[in-house]
Amino acid sequence: MLRVTEIFHSIQGESTHAGRPCAFVRLTGCPMRCTWCDSEYTFTGGEQMTFEEVLGRVRAYGCPLVEVTGGEPLAQRGAFELIRRLCDENYEVLIETGGYVSTEEVDERAKIILDVKCPASGEAGRNHWPNLERLRADRDEIKFVVTDRADWDYALAVVERYDLTRRALALLVSPVWGTTDLPALAGWVTESGLPNARMQIQIHKLVWGADARGV
Ligand code: SF4
């Protein structure tokens, strides 16, 4: 069984897959409490569903791209089984994870989008660093949500320490919605010269607004 907050079909709002049609399975619960979290509604509630019920909902969309997200999806043991079953059905599977839980048992066919929490999140002390050593340069992406210059300097140090220009397909750099100085962030990314860096804005928030759910 899985505890599920929502399942929906929309466009992918982030990552190198942004703009693609995507089915989303948003699992309930997260052990972190990032100061700028935009998914607090996932912390509690949700609906108990069997694997077959979840897979049935996903199949009905007829969409080859599926993202398993949260909350922190990997905090539920059942997530690893769900990911394996989605891969067995030949979906292209994205895992959006907050970086606290080990990715070691994630099916190797899935593509991982791994957050590294920066200091302003309040959760930088809980990054599970071995996850960075498991990244695969042909498919996995790293995401830094950057509030300010101190966060950006932290991100640069992590990129250097873990050789992420070589280890990750992309270094995604996201602002905190409504807080981060966007021109400043664009300037830092530009000046960095990091070959795989990408500043990104969450497309779904531009289209439907920051508080919309299930889109
Ligand atoms: S890891 Fe994600 S869902 Fe959990 S508190 Fe942080 S931003 Fe929110």
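This is a chat between a trainee and a mentor about one predicted model.

Trainee: What should I know about the model before we start?

Mentor: It's a predicted model, where local features need pLDDT of at least 70, side-chain atom pairs count only at pLDDT 80 or more, and totals for chains, interfaces and linings use all residues. Residues are numbered from 1 along each chain as its sequence is written, and side-chain values use heavy atoms, with hydrogens and water left out.

Trainee: Okay, strand S7. Is it buried or exposed?

Mentor: 6 of the 6 residues of S7 (residues 141-146) are buried, so the strand is largely enclosed by the rest of the structure. Buried means under 20% relative accessible area, exposed means over 50%, and partly exposed is in between, using a 1.4 Å probe and protein chains only. Strands (E, at least two residues) and helices (H or I, at least four) are DSSP runs, numbered from the N terminus.

Trainee: Which residues sit on each side of S7?

Mentor: Glu141, Lys143 and Val145 are on one side, with Ile142, Phe144 and Val146 on the other, and all are buried.

Trainee: What about Glu141, how accessible is that one?

Mentor: Glu141 has 0% relative accessibility, so that residue counts as buried. Its C-alpha is 15 Å from that of Trp129, and the two are 12 residues apart along the chain.

Trainee: Which strands does S7 pair with?

Mentor: S7 pairs with S6 (residues 111-116) in the parallel sense over 4 bridges. S7 also pairs with S8 (residues 170-175), again in the parallel sense, over 6 bridges. Two strands pair if DSSP finds at least two bridges between them.

Trainee: And what stands opposite Phe144?

Mentor: Val116 stands opposite Phe144, and in S8 the bridge partner of Phe144 is Val173.

Trainee: Let's jump to S1. How many of its residues are buried?

Mentor: 7 of the 10 residues of S1 (residues 2-11) are buried, so S1 is largely enclosed by the rest of the structure. S1 runs antiparallel to S2 (residues 21-27), joined by 7 bridges, and antiparallel to S3 (residues 47-49), joined by 3 bridges.

Trainee: What are the partners of Val4?

Mentor: In S2 the partner is Leu27, and in S3 the partner is Glu47.

Trainee: New topic. Which residues are around the ligand?

Mentor: They're Cys30, Met32, Arg33, Cys34, Trp36, Cys37, Phe43, Gly71 and Lys117. A residue makes that list if one of its heavy atoms lies within 4 Å of the ligand.

Trainee: How does that shell split by class?

Mentor: There are 6 nonpolar, 1 polar and 2 charged residues. Ala, Val, Leu, Ile, Met, Phe, Trp, Tyr, Cys and Pro count as nonpolar, Asp, Glu, Lys and Arg as charged, and the others, Gly among them, as polar.

Trainee: With those cysteines around, how many disulfides are there?

Mentor: The count comes to 0 disulfides, where a disulfide is a pair of cysteine sulfur atoms within 2.5 Å. Take Cys118: the nearest cysteine sulfur is that of Cys34, 10 Å away. Cys118 is buried, with a relative accessible area of 1%.

Trainee: Back to Gly71 for a second. What's the peptide bond before it like, cis or trans?

Mentor: The bond from Gly70 to Gly71 is cis, with omega near 15°. Gly71 is found in the loop between strand S4 (65-69) and helix H2 (78-88). For background, most peptide bonds are trans, and most residues other than glycine have a negative phi.

Trainee: So which residues have a positive phi?

Mentor: Ser15 is one of them, with phi near 75°, and Asn90 has a phi near 70°. Ser15 is in the loop between S1 and S2, and at 6% relative accessibility Ser15 counts as buried. Asn90 lies in the loop between H2 and S5 and is exposed, with a relative accessible area of 68%.

Trainee: Last one: where is Tyr100?

Mentor: Tyr100 is in the loop between strand S5 (92-97) and S6, and at 32% relative accessibility Tyr100 counts as partly exposed. Gly125 is 25 residues from Tyr100 in sequence and 9.5 Å away in space, C-alpha to C-alpha. Gly125 is found in the loop between S6 and helix H3 (130-133), and counts as exposed at 79% relative accessibility.
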